[in-house]
Amino acid sequence: MKVVLFCGGYGMRMRSGAADDVPKPMAMVGPRPLIWHVMRYYAHFGHTEFILCLGYGAHHIKDFFLNYEETTSNDFVLRGGRTELLSTDIADWTITFAQTGIESPIGERLRRVRHHLDGDEMFLANYADVLTDAPLPEMIDRFARRDAGASMMVVPPQSSFHCVDLGEDGLVGGITAVSELPLWENGGYFVLRQEVFDHIPENGDLVADGCAQLAKRGRLVAHRHRGFWKPTDTVKERAALDDAYARGDRPWAVWERDGAGVSA
């Protein structure tokens with residue numbers, strides 16, 4: 001299946017200064033940027049046809065792949081001054097680089113690459129900045145068996161805040177961590193059918209427009225994931241993933257081990 005990656009936003013909360021024009025998916029986790037980790041996840045499950053929806057800082061993403069160094073993350077032999085790779089990352093990947101506008105919302109970016117999907121009934125989509133160990137084959141199989149237009153992976157709330165139950169007299173009846181509430185939030189991993197395009201207007205949004213309309217029609221399903229899932233909306237979150245990588249604690253790297261996470 002083809003994989004559409006949205007990687008054209010500003011990522012303002014990840015920027016370290018006014019001169020920093022690197023898009024969020026290019027923030028580094030270990031020796032590779034976020035977008036590589038996301039693509040490697042999909043490739044592990046056999047999905048190696050990627051459509052990159054570019055926008056802000058597109059040249060950084062293009063330059064990374066045009067000048068890709070396989071020796072950074074693969075073993076190799078240096079013989080007679082020539083490099084012999086013992087394994088490879090992206091040799092079998094097909095990557096389409098599509099400029100989808102600087103200010104375009106996610107839904108519009110998806111609309112602008114529709115012709116690259118070649119009319120495929122089902123395809124995958126991702127924000128290119130969230131890492132997980134979710135079992136992708138299970139997610140796809142569940143959706144394929146359902147009569148629905150879209151599937152959204154959902155995860156428990158990640159906030160560390162607490163909700164306070166107040167009575168009319170101002171007395172606190174209870175305190176509950178947001179993560180313990182019976183709520184789910186968008187996890188950013190989608191399995192979609194062409195039907196979703198019927199509900200995304202020009203300059204519309206994938207979730208607020210496309211998924212919301214499908215939900216009203218009973219055409220949106222959710223895949224609940226309780227395993228590893230980490231966003232990178234802030235410098236702090238990215239740094240935490242980078243530190244975990246350095247420690248060898250990288251559950252999202254399903255290509256390094258057997259199994260693909262725990263879902264319910």
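In strand β1, Lys-2, Val-4 and Phe-6 point to one side, while Val-3, Leu-5 and Cys-7 point to the other, and all of these residues are buried. The strand as a whole is mostly covered, with six of its six residues buried. These statements, like those that follow, describe a predicted model.

**The central sheet**

Strand β1 belongs to an open sheet of seven strands with mixed pairing, arranged in the order β7-β4-β1-β8-β13-β10-β14. The edges of this sheet are formed by β7 (94-99) and β14 (220-224); each has a single partner strand, so one side of each has no neighbour in the sheet. From one strand to the next, the twist averages 25°.

As background, the strands of a sheet pair through backbone hydrogen bonds, and the pairing is either parallel or antiparallel. Which strands pair with β1? On one hand, β1 runs parallel to β4 and is joined to β4 by six bridges; on the other, β1 runs parallel to β8, with three bridges joining the two. Individual residues illustrate these pairings. Val-4 has Ile-51 of β4 as its bridge partner, and Val-3 stands opposite Leu-124 in β8.

The pairing continues from β4 to the edge of the sheet. Strand β4 (residues 49-54) runs parallel to β7, and six bridges join the two strands. Here Ile-51 appears again, since its bridge partner in β7 is Thr-96.

**Helices against the sheet**

Helix α1 (residues 34-44) packs on the sheet and touches β1 (2-7), β4, β7, β8 (122-126) and β13 (185-193). The direction of helix α1 makes about 165° with that of β1. Helix α4 (residues 136-144) also packs on the sheet, where it touches β8, β10 (150-155), β13 and β14. The direction of helix α4 makes about 55° with that of β13.

A further helix, α2 (residues 58-66), contains Ile-61. Is Ile-61 buried or exposed? Its relative accessibility is 0%, and because buried means under 20%, Ile-61 counts as buried. Apart from neighbours within four places in sequence, Ile-61 is in contact with Cys-7, Pro-23, Met-26, Leu-52, Leu-54 and Phe-97. One of these contacts leads back to the strand described at the beginning: the C-alpha atoms of Ile-61 and Cys-7 are separated by 8.8 Å, although the two residues are 54 residues apart along the chain.

**Salt bridges**

Side chains of opposite charge can pair when their charged atoms come close. How many salt bridges are found in the whole structure? The search finds 17. The table lists examples.

| Salt bridge | N to O distance |
|---|---|
| Lys-24 and Asp-233 | 3.0 Å |
| Asp-89 and Arg-32 | 3.5 Å |
| Asp-133 and Arg-257 | 3.9 Å |

The salt bridge between Lys-24 and Asp-233 links distant parts of the chain, 209 residues apart: Lys-24 lies in the loop between β1 and β2 (28-29), and Asp-233 in the loop between β15 (229-231) and α6 (235-247). Lys-24 is buried, with a relative accessible area of 13%, whereas Asp-233 is partly exposed, with a relative accessible area of 25%.

In the salt bridge of Asp-89 with Arg-32, Asp-89 comes from the loop between β6 (82-85) and β7, and Arg-32 from strand β3 (residues 32-33), so the pair ties together parts that are 57 residues apart in sequence. Asp-89 counts as buried at 7% relative accessibility, and Arg-32 counts as buried at 3%.

The salt bridge of Asp-133 with Arg-257 also links distant parts of the chain, 124 residues apart, with Asp-133 in the loop between β9 (130-132) and α4, and Arg-257 in the segment after α6. Asp-133 counts as buried at 9% relative accessibility, while Arg-257 is partly exposed, with a relative accessible area of 31%. In addition, salt bridges that share partners join Lys-2, Glu-49, Asp-118 and Asp-120 into one network.

**A nonpolar patch on the surface**

Which residues make the nonpolar surface patch of about 390 Å²? The patch is made by Val-164, Leu-166, Val-172 and Ile-175. The elements that give two or more residues to this patch are β11 (162-166) and β12 (172-177). Ile-175 is found in strand β12, and at 58% relative accessibility Ile-175 counts as exposed.

Methods. Residues numbered from 1 in each chain as written. Predicted model: local features only at pLDDT ≥ 70, side-chain atom pairs only at ≥ 80, totals over all residues. Heavy atoms only, no water. Patch = residues over 30% accessible without salt bridge, like charges linked within 9 Å, V, L, I, M, F, W, Y side chains within 5 Å. Areas by Shrake-Rupley, 256 points an atom, 1.4 Å probe, with all protein chains shown as cover. Salt bridge = Lys/Arg side-chain N within 4 Å of Asp/Glu carboxyl O. Helix = DSSP H or I, 4+ residues; strand = E, 2+ residues; numbered from the N terminus. Buried < 20%, exposed > 50% of the residue type's maximum accessible area, 1.4 Å probe, protein only. Pairing = 2+ DSSP bridges. Axes fitted to C-alpha atoms, helices over the stretch in contact; angles between N-to-C directions. Contact = heavy atoms within 4.5 Å.
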